[in-house]
Amino acid sequence: MQSFAGKIAVITGGGTGMGRELAVQLAAAGAHVSMCDLSEPNMAETAALARAAAPASDIRISTHTCDVSDEAAMLVFRDEVLASHDVEHVNLLFNNAGLSGGGSIFTDTRESWDRCFDVCFHGVRWGTLAFLDALVKSDDGHIVNTSSVNGFWASIGADRPHTAYSAAKFAVKGFTEALMTDLAVNAPHVKASVVMPGHIGTSIVQNSMHFGARALTDEEKELMKIADQMFHDMAPMTAAQAATVILDGVRDGRWRILVGEDAHALDAAVRADPERAYEPGFGEMLFAELRAASDQLNPTD
Ligand SMILES: NC(=O)c1ccc[n+]([C@@H]2O[C@H](COP(=O)([O-])OP(=O)(O)OC[C@H]3O[C@@H](n4cnc5c(N)ncnc54)[C@H](O)[C@@H]3O)[C@@H](O)[C@H]2O)c1
């Protein structure tokens with residue numbers, strides 16, 4: 001898809017982070033955008049930013065409250081999207097919504113594991129199934145599923161279990177890769193890409209706690225604020241930069257979209273030496289090297 005002008009784009013998780021920036025950049029490129037999220041106020045902010053970025057007043061932006069882990073809710077979202085644009089087709093589907101949780105099968109609850117897997121994997125599955133017919137009815141369609149570097153490396157450090165998120169993100173990657181053949185056989189004008197971001201400065205820590213399996217205590221909320229700030233501030237790439245990489249990848253027709261130098265470096269390192277990938281220090285050493293390289297390029301006082 002060379003141009004997004006006049007295309008109809010659907011984004012899940014458009015309230016903050018990469019989903020918000022995708023909405024803004026797609027609207028700026030002349031696409032009509034429909035998004036869903038759990039947070040109405042966050043979507044309202046995104047919609048205002050997207051409207052301000054749009055090149056013309058007839059660009060349509062719509063927001064829909066919907067939990068992607070609920071298939072019935074996704075079907076209602078699909079019906080609302082088609083009605084709001086008065087069409088039977090959509091061109092672009094970004095299955096972007098996600099949250100973390102359920103790190104350990106020993107110490108985390110079953111609810112938190114299931115919540116993470118249901119949002120991160122079944123959200124992608126329900127989104128694809130709900131919009132498939134509308135994508136097939138387009139003359140040019142593209143499904144863009146967000147996995148993660150945790151879709152090929154199931155770790156955030158050798159001492160920090162990360163099972164539900166990694167399982168879901170591996171599943172998103174496998175589903176999308178297999179979907180490419182299914183589409184080639186049954187609907188060759190529809191393409192699919194898998195997005196694998198490294199560390200991107202978004203609100204995922206805060207949103208994961210807020211929309212996770214259970215309410216937080218006041219103490220946990222305070223800790224969460226600090227963790228959220230650190231996650232955001234230490235990220236080597238912003239959500240806006242990440243959205244640009246994703247949209248460039250879609251324009252170039254790439255099925256495999258790595259986002260960030262850390263993602264590229266991890267991909268190369270895991271492929272080069274898969275047996276060592278889960279040894280202590282594997283990720284830490286790589287990230288230290290990347291930080292040192294970046295400090296050399298951008299020295300500060
Ligand atoms: N930030 C990173 O470092 C990073 C790295 C790799 C992959 N990812 C993935 O990128 C995607 C976007 O995340 P982000 O980093 O922009 O985080 P984010 O929290 O800023 O954005 C995710 C959005 O999804 C929404 N959401 C969460 N659960 C939902 C549900 N059940 N139904 C509908 N909406 C829901 C949130 O409200 C939020 O607006 C996610 O799939 C995430 O797993 C993020």
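This is a short tour of a predicted model, moving from the whole chain to its ligand and then to three helix pairs. Local features here need pLDDT of at least 70 and side-chain atom pairs count only at pLDDT 80 or more, while totals for chains, interfaces and linings use all residues. Residues are numbered from 1 along each chain as its sequence is written.

**Stop 1: the whole chain**

Start with everything shown as a cartoon. You are looking at 10 helices and 9 strands; helices (H or I, at least four residues) and strands (E, at least two) are DSSP runs, numbered from the N terminus. The C-alpha atoms fill a box of roughly 55 × 45 × 40 Å, taken along the principal axes. The radius of gyration is 19 Å, which agrees with the value near 19 Å for a compact globule of 301 residues. That radius is taken over C-alpha atoms, and the globule rule is 2.2 Å times the number of residues to the power 0.38.

**Stop 2: around the ligand**

Now select the ligand and the 31 residues around it; a residue is near if its C-beta atom, placed from the backbone, lies within 6 Å. Look for G13, G15, G17, G98 and T202, which come nearest. Color α1 (17-28), β2 (32-37) and α6 (204-210), since each supplies at least two residues of this shell. The largest share, 3 residues, comes from α1. By type, the shell has 12 nonpolar, 17 polar and 2 charged residues. Here Ala, Val, Leu, Ile, Met, Phe, Trp, Tyr, Cys and Pro count as nonpolar, Asp, Glu, Lys and Arg as charged, and the others, Gly among them, as polar.

**Stop 3: α1 with α2**

Keep α1 and add helix α2 (residues 40-53): their axes come within 7 Å and cross at roughly 25 degrees. Axes are lines fitted to C-alpha atoms, for helices over the stretch in contact, and angles run from 0 to 180 degrees between N-to-C directions. The two helices are therefore roughly parallel (under 35 degrees; over 145 is roughly antiparallel, 65 to 115 roughly perpendicular and the rest oblique). Show R20, A23, V24, A27 and A28 in α1, which meet T46, L49, A50 and A53 in α2; contact means C-beta atoms, placed from the backbone, within 7 Å. These residues divide into 7 nonpolar, 1 polar and 1 charged.

**Stop 4: α1 with α8**

Swap α2 for helix α8 (residues 239-251). Its axis comes within 8 Å of that of α1, and the two cross at roughly 60 degrees. That makes α1 oblique to α8. On α1, pick out G17, M18, R20, E21, L22 and Q25; they meet A239, A240, A242, A243, T244, I246 and L247 in α8. This contact has 8 nonpolar, 3 polar and 2 charged residues.

**Stop 5: α4 with α5**

Finally, select helix α4 (residues 110-136) and helix α5 (residues 163-186), which pack at about 15 degrees with axes 8 Å apart. They are therefore roughly parallel to each other. What meets what here? W113, C116, F117, C120, F121, V124 and R125 in α4 meet A164, Y165, A167, A168, K169, A171, V172 and F175 in α5. The contact holds 13 nonpolar, no polar and 2 charged residues.

Conventions:
Two residues are in contact if their C-beta atoms, placed from the backbone, lie within 7 Å.
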